[in-house]
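User: Hi! I'd like to talk through the open and enclosed spaces in this protein, along with a helix and a residue that caught my eye. Could you take me through them?

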Amino acid sequence: MALFASSVFSLPLFKSNSDPYCLFSTKKGFNLGFQKLKTRRLHRTKVVVHFAMLSENPLIGDLIATAFSGGIALSMLRLWEETAKRGVFDQKTNRKLVHISIGLVFMLCWPMFSSGQQGAILAAFIPGLNIIKMLLLGLGIWKDDATVKSMSRFGDHRELLKGPLYYAFSITYACAIYWRYSPISIGLICNLCAGDGIADIVGRRFGKQKLPYNKNKSFAGSIAMAAAGFLASLGFLHYFSLLGYIQVSSKTVLGFLFMSLAAALVESHPLSSELDDNLTVPLTSVLVGSLVL
């Protein structure tokens with residue numbers, strides 16, 4: 001047995017220099033391979049150090065998250081501006097696609113920010129800038145026909161001083177005050193974006209049977225709003241719960257249901273059309289959410 005072991009270990013490790021692994025059979029090759037391994041380890045060490053620096057400096061991480069989230073939001077706006085310019089959708093549908101997507105996509109970015117008030121404020125800075133933009137465009141100080149066309153009903157820049165301005169303010173408020181730890185912020189944004197946006201699209205296509213107290217609203221649109229707002233709220237509840245920001249409970253689920261039903265009821269009232277859905281829906285969501293959650 002000893003003779004067999006001796007004969008095995010006395011065999012050459014590689015048969016020829018053409019073997020791709022023969023590089024390690026010489027001292028030079030061994031040094032080269034070790035150097036490559038050392039380089040890879042050094043690279044991994046640098047990556048770990050960079051992540052550690054971000055974790056130790058939340059301000060740097062929040063600034064990066066702000067830039068990244070702002071870039072995503074800007075890209076979404078540019079996309080809908082192009083579809084409006086090219087006439088891919090009719091103006092009402094394009095406006096509602098902006099309405100649905102911007103707030104929900106922005107909320108997906110919240111986990112990139114730090115947990116404290118600093119993260120909430122810097123995240124709110126993004127829709128806060130949009131408030132300023134709506135004011136400048138609505139007052140005619142800044143000219144941007146593509147944005148006006150994608151966000152207004154009739155192409156009038158003054159329309160941006162109502163619905164789009166309320167929309168930006170509501171998301172800024174939800175982000176800065178309630179942040180990702182409160183189900184109220186989830187319900188507010190989901191009812192505003194998913195609920196109100198889907199209600200208009202479904203109502204115009206399938207809303208033949210009108211509500212008895214408002215001939216401009218339909219049963220199909222109101223039902224779609226309550227369902228879309230509720231389902232979107234549940235989706236984001238589970239999204240944030242998986243990341244450990246909030247806990248799923250039957251009370252929260254039931255609270256979301258009440259919030260979505262109340263928002264749909266208020267949105268269907270004639271007074272809501274006079275004031276603006278983007279104002280009444282968030283106010284209702286906050287009021288009902290504060291009572292039931």
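User: By class, how many nonpolar, polar and charged residues does the lining of the largest cavity have?

Analyst: Happy to start there, bearing in mind that this is a predicted model. The lining consists of S69, I72, A73, M76, I102, V105, F106 and C109. Ala, Val, Ile, Met, Phe and Cys count as nonpolar, while Ser falls among the polar ones. The class counts are therefore seven nonpolar, one polar and no charged residues.

User: Which helix gives the largest share of the lining of that cavity?

Analyst: The cavity has a volume of about 40 Å³, and a search of the whole structure finds one cavity of 30 Å³ or more. Two helices, α3 (58-86) and α4 (91-108), each supply at least two residues of its lining. The largest share is four residues, and the helix that gives them is α3.

User: Staying with α3, is T66 buried or exposed?

Analyst: T66 lies in helix α3. Its side chain reaches the backbone oxygen of D62 at 2.7 Å, and T66 also touches F113, L122, F125 and I126, not counting residues up to four places away in sequence. The cut-off for buried is under 20% relative accessible area. With a relative accessible area of 12%, T66 is therefore buried.

User: Now for the pockets. Which residues are the closest to the centre of the largest pocket?

Analyst: About 810 Å³ of space lies in the largest pocket. Its lining has 35 residues, which divide into nine nonpolar, twelve polar and 14 charged. The closest to its centre are R95, K96, R153, D200 and D277.

User: Which element supplies the largest share of the lining of the largest pocket?

Analyst: Several elements each supply at least two residues of this lining, including α5 (117-138), α8 (183-206), β2 (214-218) and α12. The largest share is six residues, and they come from α4.

User: And how does the lining of the second largest pocket divide by class?

Analyst: The second largest pocket has a volume of about 370 Å³. Of the 18 residues that line it, the closest to its centre are A73, L77, I126, L129 and N130. Elements giving two or more residues are α3, α4, α5 and α7, with the largest share, seven residues, coming from α5. By class, the lining has 14 nonpolar, three polar and one charged residues.

User: Let's turn to α12. How far apart are its end C-alpha atoms?

Analyst: Helix α12 has 16 residues, from 277 to 292. The expected span is 1.5 Å times one less than the number of residues, so α12 should span 22 Å. The value from the model agrees, because the end C-alpha atoms are 22 Å apart.

User: Which backbone nitrogen does a side-chain oxygen of D276 reach at the start of α12?

Analyst: Buried residues of α12 include D277, N278, T280 and V281. At the start of the helix, the side-chain oxygen of D276 comes to within 2.8 Å of a backbone nitrogen. That nitrogen belongs to N278.

User: Finally, looking at the whole protein, what percentage of its residues are buried?

Analyst: The secondary structure comes to twelve helices and two strands, in the order α-α-α-α-α-α-α-α-β-β-α-α-α-α along the sequence. Among contacts between residues at least 6 apart in sequence, 70% join residues at least 24 apart. Of the 293 residues, the buried ones make up 45%.

Notes. Residues numbered from 1 in each chain as written. Predicted model: local features only at pLDDT ≥ 70, side-chain atom pairs only at ≥ 80, totals over all residues. Heavy atoms only, no water. Buried < 20%, exposed > 50% of the residue type's maximum accessible area, 1.4 Å probe, protein only. Polar contact = N/O pair within 3.5 Å; in protein donor to acceptor, adjacent residues only side chain to side chain. 1 Å grid on protein atoms, 1.4 Å probe; cavity = no way out; pocket = protein on both sides within 12 Å on 5 of 7 lines; lining within 4 Å. Points joined across faces, edges and corners; volume = space filled by probe spheres on them. Contact = heavy atoms within 4.5 Å.
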